[in-house]
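Welcome! Take a moment to look over the sequence and the 3D view, and then we will walk through a few strands and some charged pairs together.

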Amino acid sequence: MAIPASPDDRRPLIWAVSAHRLTEVFRTVSPELAGRAAVEIIDKGFDDAIADIARRSEKRACDVIVAAGAHGEYLRQNLAIPVAFVKVGGFDLMAAICKARQLSERIAMVMHRRVPPALHRFAELFSLPMQIRAYQTSEDARHCIQELAAAGIDVVVGPGLIANLADEAGLTGILVYSLDSVRAAFDDAIEIAAAQKAEKSRRTQLDSVLYHLNDGVIAVDMAGRIVAANPSVDKLTGRSVRNALGQPLRQVLPDLSPGHVMTRGASEIGSVQELGGKSLVVDRVPLLDEGVQTGAIFTLHGSSELERAVGKLRAHSHRRSRAARYRLDDVVAESAAMRQVIAQCRVFAEYSDAAVLIHGESGTGKELLAQGIHNASRRRRHPFIAINCGAFTETLLESELFGYDEGAFTGARRQGKAGLFESANEGTLFLDEIGEMPLPLQTRLLRALQEKEITRVGSVDTIPVDVRIVAATHRNLLSMVRAGDFREDLYYRLNILQVVVPPLRGRPEDIDALARRLLPAALRRAGLDDAVAPMLTASLPVLREGAWPGNVRELENVVERLTMACLTVGRPLLRREVRAMLADEPARQQARAVQSLSTVRAGQEAAHVCAVLAECGGNHQEAARRLGISRTTLWRKIKAARV
């Protein structure tokens, strides 16, 4: 007996439908499926069956219907529910024919729609005097049985409708379906139900993803009708697209151009369109099913969201660009002096976490050494953040180093901002040009180093930080301490470990090694591979003679000028041409004279600024007002006067 299905039953619900003898076979087989499916038998046919199915569907719709013959075809044509057919196998045919032959010599086989070719071959092979017919509708079946009865047929083999009609006509009807064929139909039905469940689960997951997307998604079929849309489409376009399923997209969103995706199947990514008074970025891609286009998908991106995303990406790239890229092994160190510096840095990195002060002329590679120390230390997996203390005003440098809270000053971010100390936590903070830091900030920096905690601008809460400080300068900090321009206690806090980078002019071996690395690289970037050997021959003797006041940076600039000169003349330079380029030519002398004059004028201007500031009693705001300049400009001019 079939077990009725309850609303919370998770087994697939199968309705076995037949108004003929097949019903009894359904009743025999259905108990075997109790653990796999809930089977309900509907002993009705055609329109009566459809009416009963509609009534039952109000409580719970079934997953699959099992039926046979013309009855099954009728249900398939008039219902949206999948139908699994009871199929006739070769064994079924032979068993039914053998049973019929036991009853009479005058037999007939009547099948729905078509007769299997194998049946004709079977009848010929065994010389069976059997009539074989096919029917389309129930009326065809009734007429066929009447003809067979008139022809003297005693036994008719066929589906349930044929067997019933044969009995009604006084003949013997034999059902062609076996228990195994019905079991196979139920197995098919269970597989169909499982596939439907998996597809429904996949669609539910997909709908959930689409529902929570900020981007709008519209899917259309090949006729351009909307088949799916998520809520974000309505928000972005200002139109009720989700309530317009089945309608043409061109009517619902006439401003949305389909492009070539429907006519050519070509994807179009990143086009900009005006929709609902908004500028939207639209992606168009074809919707494919086994390589055949069945429609298209339109994805709408809001411009404001994209702008925010681009901003975040740029910020992320900026953070990455400040990571330590160089290692101590990357430093050119052919000279004994430079090898000693590298060895010293390696020891400081591996065996100490104390602050390091790197002293050297401009262009000697102080930041490269700072990055190398970081990458050789235990902090290498954490941030390396660098800041030039001479590139910011006092107020801006303070907010950059220590961050600020919401509302700390006009223009502050609503949520505040973390400073570089917080960003470099557990890593290394490189303070370049530490000698340019204003005295008030030196006090805050000293406290941060002593207490290992910082306070954001506009806040009273302290934030613990674990940061290694590496500072660098080209100035004589000890002289600045004596002059009162640099705090003595901060100097000794920073100068725990000291690295002195010798100038390039004092290590000629490195000049040669650097030139052999820099010049070939610059020539190859310019496509001058053939010029590498002759240019090295012509340039190295001249480069060794240089004083290099700008150190490695100046050497890099000279190498770039030599490369551009080769491109200009169309050949490698001769030694005398290299020497002429590096000599003090009249133009360069004139430039130096202009620079000297500018220095004098700058000194006079600085003296004037200092005098006005003194007249104002040290009031920066009043001095700036009198001079007609901003406080930032005033601060820069005072700083220049102290150098």
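A residue is called buried when its relative accessible area is under 20%, exposed when it is over 50%, and partly exposed in between. Keep in mind that this is a predicted model.

With that cut-off in hand, let us begin with a charged pair. Glu 40 has a relative accessibility of 16%, so this residue counts as buried. Its partner in a salt bridge is Arg 56, and the closest N and O atoms are 2.9 Å apart. This pair links distant parts of the chain, since Glu 40 sits in strand β2 (residues 38–42) and Arg 56 in helix α2 (residues 46–57), 16 residues apart. Arg 56 has a relative accessible area of 22%, so it is partly exposed. Both residues also belong to a network of salt bridges that includes Lys 44, Asp 52 and Arg 55.

The structure holds 29 salt bridges. Here are three of them, with the closest N to O distance for each.

| Salt bridge | N to O distance |
|---|---|
| Glu 40 and Arg 56 | 2.9 Å |
| Arg 475 and Glu 436 | 3.3 Å |
| Arg 571 and Glu 577 | 2.7 Å |

Where in the chain do Arg 475 and Glu 436 lie? Arg 475 is in the loop between β19 (468–473) and α17 (477–483), while Glu 436 is in the loop between β16 (428–432) and α16 (439–451), so their salt bridge ties together parts that are 39 residues apart in sequence. Arg 475 is buried at 17% relative accessible area, and Glu 436 is buried at 12%.

In the remaining pair of the table, Arg 571 is partly exposed, with 35% relative accessibility, whereas Glu 577 is buried at 19%.

Now for the strands. In a regular strand, side chains alternate between the two faces of the sheet. Strand β3 (residues 64–67) has Val 64 and Val 66 pointing one way and Ile 65 and Ala 67 pointing the other, and all of them are buried.

Which strands pair with β3? One is β1 (residues 13–17), which pairs with β3 in the parallel sense over three bridges; here Ala 16 stands opposite Val 66. Another is β4 (residues 83–85), which runs parallel to β3 and is joined to it by three bridges. In that pairing, Ile 65 stands opposite Val 83. Together with helix α3 (residues 69–78), β3 and β4 make a right-handed β-α-β unit.

How values were computed
Residues are numbered from 1 along each chain as its sequence is written. This is a predicted model: local features need pLDDT of at least 70, side-chain atom pairs count only at pLDDT 80 or more; totals for chains, interfaces and linings use all residues. Side-chain values use heavy atoms; hydrogens and water are left out. Buried means under 20% relative accessible area, exposed over 50%, partly exposed in between (1.4 Å probe, protein chains only). Helices (H or I, at least four residues) and strands (E, at least two) are DSSP runs, numbered from the N terminus. Two strands pair if DSSP finds at least two bridges between them. A crossover is right-handed if, with the strands pointing away from the viewer, the path from the first strand over the helix to the second runs clockwise. A salt bridge is a side-chain nitrogen of Lys or Arg within 4 Å of a carboxyl oxygen of Asp or Glu.
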